[in-house]
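Student: Could you take one part of this chain and walk me through it closely? I'd like one connected answer rather than a list.

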Amino acid sequence: MQKKFKENYEESIPRLMKEETLVFYLLYQESTFVGMARMYVWKEDIAKGEATLSGIYILPEFRENDILQHLFDMLVKEARKRNCTVIKTVVSRNREQLHKLGFQDLYDYNDEGAYGLSSEMELPLV
């Protein structure tokens, strides 16, 4: 996992953090990688007041304690500090876990009304 992380993110993370677009947390217990979370906070020209949770991951052996909730609480605190009113995410699995964190389902609509559950979810912050 650590090698994959280094290959995929080592160069892009400093640039995005400098632009104050990316919020990125790495969790370690002593020298062991435990998990990570990645969120983008959008500026005025894209989607002012919105943040996008693009990834949150905790190693399986650490999922039994409250690490996920603690990590997520850090993201919410940062989003509020940056005046975000909503955190959105796209979900392909683990919808139940996102419900536990407070995310709400969104629905896709057509001209006749709702026609199904969207792959997007959101967490209002106001």
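Tutor: Let's go for helix α4, whose buried residues are Ile67, Leu71, Phe72, Leu75, Val76, Glu78 and Ala79. Keep in mind that this is a predicted model. So how does the length of α4 check out? The helix runs over residues 67-81, and its 15 residues should span 21 Å at 1.5 Å a residue; since the expected span counts one less than the number of residues, that works out, and the end C-alpha atoms are indeed 21 Å apart, which agrees. Just after α4 comes Asn83, with a positive phi near 65 degrees.

Now put α4 back into the whole chain. There are five helices and six strands, and along the sequence they follow the pattern α-α-β-β-α-β-α-β-α-β-β. The buried residues of α4 listed above belong to a chain in which 36% of the 126 residues are buried. As for the outside, the accessible surface comes to about 8600 Å², and carbon and sulfur atoms hold 47% of that. If you look at contacts with a separation of 6 or more, 44% of them link residues 24 or more positions apart.

Another positive phi turns up in a hairpin: Glu30, in the turn between β1 and β2, has a phi of about 60 degrees. That turn has two residues between the strands. Strand β1 covers residues 22-29 and β2 covers residues 32-41, and the two pair in the antiparallel sense over eight bridges. To find your way along the pairing, look for Leu22, which stands opposite Tyr40 in β2.

Notes
Residues are numbered from 1 along each chain as its sequence is written. This is a predicted model: local features need pLDDT of at least 70, side-chain atom pairs count only at pLDDT 80 or more; totals for chains, interfaces and linings use all residues. Side-chain values use heavy atoms; hydrogens and water are left out. Helices (H or I, at least four residues) and strands (E, at least two) are DSSP runs, numbered from the N terminus. Buried means under 20% relative accessible area, exposed over 50%, partly exposed in between (1.4 Å probe, protein chains only). Contact means heavy atoms within 4.5 Å. Accessible areas come from the Shrake-Rupley method with a 1.4 Å probe; for residues, only the protein chains shown count as cover. Two strands pair if DSSP finds at least two bridges between them.
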